[in-house]
Structures are given as C-alpha cells and as structure tokens.
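Work through the exercises below with the sequence and the model side by side. Try each task before reading its solution.

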Amino acid sequence: MADTSNATPKHLWVVGILALLWNSVGALDYVMTQTKNKAYMSAGNFSQEQLDYFYSMPTWMIFAWATAIWASVLGSLLLLLKKKLSTPVFLVSLIGVVVSSIYSYGLSNGYEIMGGASAAAFSAAIFLIAVALYLYARKMTSNGVLN
C-alpha cells in the first residue's frame with residue numbers, strides 16, 4: 001500500500017486556484033491603474049477625485065501596493081506548485097497589504113475618497129484573505145504537504 005501521509009489534499013487545489021483567481025483580479029486592477037488605462041479608469045468606476053488619489057500616491061505606497069499584489073500572485077502559484085516558499089511570500093504580501101492600508105486609512109484621506117465604510121470593509125476583506133492565505137500555507141508546510 002502506498003504512503004499517503006503527504007498526499008496533496010484536494011482543498012489545496014481549491015484554495016490555490018481561488019487564490020490565484022482572486023489575486024489575478026488585484027493584479028489586473030494594479031496594472032490598469034498604474035498604466036492609467038483609459039478604458040478601465042474611465043468606465044464610470046472612479047470619480048475624478050479617486051483618479052487624482054490614485055495618480056498622486058507616493059512612490060513608497062505604490063511599492064507597497066505592488067509588493068502586496070505581486071507577492072500574492074507569486075504565493076498563489078507557489079502554493080499550486082506545492083512549494084513551502086509560498087509561506088514567506090504570502091507573509092511579504094501581507095506586509096504590503098498592511099503598509100498600503102496604513103497609507104490609505106492613516107496617512108491620507110483614502111477612507112473618504114474611496115467610499116468610506118464600504119471601501120474599508122473591502123480592504124478588511126483583502127486583509128483577512130491575505131492572513132488566511134499566509135496561515136493556510138504555513139499549515140500546509142507544517143503538515144509536510146509543501147516542500
């Protein structure tokens with residue numbers, strides 16, 4: 001009989017695929033925003049005040065946002081490849097989320113500009129998903145699923 005103690009649980013594939021899809025949406029948003037894609041940015045989704053907010057972010061904030069986005073995409077891919085490197089990569093992403101949230105809600109008027117409580121709730125969801133992905137990857141590593 002084969003040893004199945006380190007067999008890949010089905011939930012890893014579900015979590016990995018959902019994580020990659022979720023984080024790909026964030027990556028698309030980041031790219032469209034940073035390239036000032038007219039079709040995306042002028043589709044009625046953003047007010048002029050919101051556009052000004054995006055386009056005037058300090059470089060360190062853009063770096064934190066990029067770190068959060070691209071580390072989460074990489075972490076998702078590493079998770080699907082069953083690599084334990086996904087754990088520290090998801091942690092880097094989580095740090096990027098925290099730093100960008102500090103800017104948005106503590107150092108700027110992002111709360112008001114981006115929609116108040118609804119924007120904060122969405123940011124909270126992003127934070128909670130980032131925490132969950134980090135903890136999930138850490139658990140899969142400790143269980144010997146990721147190598």
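H1 and H4 are roughly antiparallel to each other, since an angle over 145 degrees earns that description. The model is predicted, and the exercises start from its overall make-up.

**Exercise 1. Describe the protein chain as a whole.**

Step 1. Count the secondary structure elements: the protein chain has seven helices and zero strands. In sequence order the pattern reads α-α-α-α-α-α-α.

Step 2. Take the extent of the C-alpha trace, which spans about 65 × 30 × 25 Å along its principal axes.

Step 3. Turn to burial. Of the 147 residues in the protein chain, 37% count as buried.

Step 4. Consider the contacts with a separation of 6 or more: residues 24 or more positions apart account for 72% of them.

**Exercise 2. Work out how H1 and H4 are arranged.**

Step 1. Locate the two elements: helix H1 covers residues 10-34 and helix H4 covers residues 59-80.

Step 2. Find the geometry. The axes of H1 and H4 come within 8 Å and cross at roughly 150 degrees.

Step 3. Classify the angle. Angles over 145 degrees count as roughly antiparallel, and H1 and H4 are therefore roughly antiparallel to each other. Their crossing is left-handed.

Step 4. Sort the residues in the contact of H1 with H4 by class: 18 are nonpolar, eight polar and one charged.

**Exercise 3. Do the same for H5 and H7.**

Step 1. Helix H5 covers residues 86-107, and helix H7 covers residues 117-142.

Step 2. H5 and H7 pack at an angle of about 160 degrees, and their axes are 8 Å apart. That angle makes H5 roughly antiparallel to H7.

Step 3. The handedness of the crossing of H5 and H7 is left-handed.

Step 4. List some of the residues that make the contact. On H5 they include Phe 90, Leu 94 and Tyr 105, and on H7 they include Ala 120, Phe 127 and Arg 138.

Step 5. By class, the contact of H5 with H7 has 15 nonpolar, four polar and one charged residues.

**Exercise 4. Is Tyr 136 buried or exposed, and what does it touch?**

Step 1. Place the residue: Tyr 136 is in helix H7.

Step 2. Its relative accessibility is 16%, so Tyr 136 counts as buried, the cut-off being under 20%.

Step 3. Setting aside neighbours within four places in sequence, Tyr 136 is in contact with His 11, Leu 12, Val 15 and Leu 79.

Step 4. Look at His 11 again. Its side chain makes a polar contact of 2.6 Å with the side chain of Tyr 136.

Step 5. Compare sequence and space for one pair: Tyr 136 and Phe 90 are 46 residues apart in sequence, and their C-alpha atoms are 9.7 Å apart.

**Exercise 5. Set Thr 33 beside Ala 120.**

Step 1. Thr 33 is found in helix H1, whereas Ala 120 is in helix H7.

Step 2. At 1% relative accessibility Thr 33 counts as buried. Ala 120, at 26%, counts as partly exposed.

Step 3. Beyond residues up to four places away in sequence, Thr 33 touches Tyr 40, Met 41, Phe 54, Tyr 55 and Trp 65. With neighbours within four places likewise left aside, Ala 120 is in contact with Tyr 105 and Tyr 111.

Step 4. For Thr 33, a polar atom of the side chain lies 2.7 Å from the backbone oxygen of Asp 29.

Step 5. For Ala 120, take the C-alpha distance to Asn 37: the two residues are 83 apart along the chain and their C-alpha atoms are separated by 25 Å.

Methods
Residues numbered from 1 in each chain as written. Predicted model: local features only at pLDDT ≥ 70, side-chain atom pairs only at ≥ 80, totals over all residues. Heavy atoms only, no water. Axes fitted to C-alpha atoms, helices over the stretch in contact; angles between N-to-C directions. Helix = DSSP H or I, 4+ residues; strand = E, 2+ residues; numbered from the N terminus. Parallel < 35°, antiparallel > 145°, perpendicular 65-115°, else oblique. Left-handed = near helix turned anticlockwise from the far one by under 90°. Nonpolar A, V, L, I, M, F, W, Y, C, P; charged D, E, K, R; others polar. Buried < 20%, exposed > 50% of the residue type's maximum accessible area, 1.4 Å probe, protein only. Contact = heavy atoms within 4.5 Å. Polar contact = N/O pair within 3.5 Å; in protein donor to acceptor, adjacent residues only side chain to side chain.
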